[in-house]
Amino acid sequence: MSNPKRRTLGGWVFPTLLVVACGAPPVEADHFLPSRPESLNWGWYPLDKEPVLRIASGETVRIHTLTHVGATQNEDPVEFLTGLGVPREEILDDVIDFWASRDGRPREGRSGHVIAGPIHIDGAEPGDMLEIGILDIETRVPWGVNSTSGRGGVFSPSYPGARADDTALDIPSVRHLIRTGEVEGREVAFFSPDIQVPLAPFMGILAVAPAPVVGEPGVTVPGVQGSRPPGPFGGNLDVKDLTAGTTVYLPVFHPGALFYTGDPHGAQGDGEVSGTAIEQSLTGVFQFVLHKGVTISAPRAETATHYLIMGIDLDLDRAAREATRLVVEFLVEEKGLAPDKALSLASIAVDFRVSEVVDLTQVVTGFIPKDIFLNE
């Protein structure tokens, strides 16, 4: 596949976004990465693992991903998933094979996600920026699972906003099997007989290999970044807008960048307040473009209509402050505004949305509308 036409804007080089219509033929890719045990990791981003794929800047990769549901519990995956109501023929062999590979995988300091990678991008070095164009995302199975509990998600006793005198909620612990399928040309989740939720599949995790420091969120073991909290490297961002047609930008911390993805979701609301989305195995097609010498400090993204600037912090208020600071920085550096004008525009034209609040660090995303800039 040839590179998309590109336009230059300040220090960034943005793509002309490719949007895949529902029902369109599958997007071709230069490489394919299956979800086999050797290409998957359990809850972390290894820094010294031999890359499962090496590619050149501009190339595309089709990646199979697995939800952790059915692949990581102690119970046999077939018994577990059929017990939830999944027909045996809808259980991927990849799930069974990953589950069988669990013994011997390190667990200390790791989280629960199943993550594909790493993919080495030739020429990437610390201080560069990696552009990830999300060209297509498809469901692999017609089901997903959402979990609820009166002591999970934002109701967990360990939630940053929890207080000792909070009243316990009478919500049972339930894994909800949610069927998905196509209705009138669009994919939906059949939540109940009278509720259908449009699917908007995306990868909860988009990451480069981090530079973990013990004491930072998710780092309790030297050299091991647990996959639960997102950070400057991306990771478990859970920003539901990172669907097909979106481009993500991440800073590079290690030679080759070492890209990882996983935690696939069929649909999610902003916040992911129960602690899970529709956890559903997906296939994604991504294009990787390396920007030499372009330095950013945090994940960014863009859709056809908005620039997305992400603030990440343990505290939701601080995440909002960081998102605002980064929006001002973006408007100054990329749009040429004075800092006071940038803050003014941020206050009157930019929407700051809580993207997720249940993964230790919290994410607030500033959505800068493109149509306010008349010269673009």
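**Exercise 1. How many aromatic pairs does the count come to?**

Let's warm up with rings; keep in mind that this is a predicted model.

Step 1. The count comes to 7 aromatic pairs.

Step 2. Take the pair of tryptophan 42 and phenylalanine 98: the ring centres are 6.3 Å apart and the planes stand at 80 degrees. Planes over 60 degrees apart count as edge-to-face, so this pair is edge-to-face.

Step 3. Now find the two residues along the chain. Tryptophan 42 sits in strand S4 (residues 40-42) and phenylalanine 98 in helix H2 (residues 93-100), so the pair ties together parts that are 56 residues apart in sequence.

Step 4. Check the burial. Tryptophan 42 has a relative accessible area of 9%, which makes it buried, and phenylalanine 98 is buried too, at 0%.

**Exercise 2. Work out what kind of pair tyrosine 307 and phenylalanine 330 make.**

Step 1. Here the ring centres lie 5.0 Å apart, and the planes are at 50 degrees.

Step 2. An angle under 30 degrees would count as stacked and one over 60 as edge-to-face, with the rest called tilted. So the pair is tilted.

Step 3. Tyrosine 307 belongs to strand S19 (residues 306-313) and phenylalanine 330 to helix H3, which puts the partners 23 residues apart in distant parts of the chain. Both tyrosine 307 and phenylalanine 330 are buried.

Step 4. Rings can also gather into a group: Tyr45, Phe233 and Tyr260 form one aromatic cluster.

**Exercise 3. Which parts of the chain does the salt bridge between lysine 292 and glutamate 125 link?**

Step 1. Start with the contact itself: the two side chains meet in a salt bridge, with 2.9 Å from N to O.

Step 2. Place each partner. Lysine 292 is in the loop between strand S17 (282-291) and strand S18 (300-302), while glutamate 125 is in the loop between strand S7 (114-121) and strand S8 (129-139). The two are 167 residues apart, so this pair links distant parts of the chain.

Step 3. Are these residues buried or exposed? Neither, quite: lysine 292 is partly exposed at 45% relative accessible area, and glutamate 125 is partly exposed at 44%.

**Exercise 4. Describe two other salt bridges from the 13 that are counted.**

Step 1. Aspartate 270 and arginine 353 meet through their side chains at 3.1 Å, N to O. Aspartate 270 lies in the loop between strand S16 (259-265) and S17, and arginine 353 in strand S20 (residues 351-359), so the pair ties together parts 83 residues apart in sequence.

Step 2. Aspartate 270 is partly exposed, with 31% relative accessible area, and arginine 353 counts as partly exposed at 25%.

Step 3. Now for glutamate 329 and arginine 325, whose closest N and O atoms are 3.5 Å apart. Both lie in helix H3 (residues 316-335), 4 residues apart, which is about one turn of the helix.

Step 4. Glutamate 329 is partly exposed at 24%, and arginine 325 is partly exposed at 39%. Elsewhere, salt bridges with shared partners join Arg36, Asp94, Asp97 and Arg140 into one network.

**Exercise 5. Which residues line the second largest cavity?**

Step 1. There are 2 cavities of 30 Å³ or more by the counting rule, and the second largest holds about 30 Å³ of space.

Step 2. Its lining is made of Ser297, Ala298, Pro299, Arg300, Ile309, Leu326 and Glu329.

Step 3. Sort that lining by type and you get 4 nonpolar, 1 polar and 2 charged residues.

**Exercise 6. Look at the backbone around strands S11 and S12, then hunt for unusual angles.**

Step 1. Strand S11 (residues 186-192) runs antiparallel to strand S12 (residues 195-198), and 4 bridges join them. A hairpin connects the two through 2 residues, and valine 188 faces proline 198 of S12.

Step 2. Next, look for a cis peptide bond: the one from glycine 117 to proline 118 is cis, with omega near 5 degrees. Proline 118 is in strand S7.

Step 3. Finally, check phi. Aspartate 238 is not a glycine, yet its phi is positive, at about 55 degrees. Aspartate 238 is in the loop between strand S14 (234-236) and strand S15 (247-251), and is buried at 1%.

Step 4. Leucine 360 also has a positive phi, near 75 degrees. Leucine 360 lies in the loop between S20 and strand S21 (361-369) and is partly exposed at 31%.

Definitions and conventions. Residues numbered from 1 in each chain as written. Predicted model: local features only at pLDDT ≥ 70, side-chain atom pairs only at ≥ 80, totals over all residues. Heavy atoms only, no water. Pairing = 2+ DSSP bridges. 1 Å grid on protein atoms, 1.4 Å probe; cavity = no way out; pocket = protein on both sides within 12 Å on 5 of 7 lines; lining within 4 Å. Points joined across faces, edges and corners; volume = space filled by probe spheres on them. Nonpolar A, V, L, I, M, F, W, Y, C, P; charged D, E, K, R; others polar. Salt bridge = Lys/Arg side-chain N within 4 Å of Asp/Glu carboxyl O. Buried < 20%, exposed > 50% of the residue type's maximum accessible area, 1.4 Å probe, protein only. Phe/Tyr/Trp six-rings, centres within 6.5 Å; stacked < 30°, edge-to-face > 60°.
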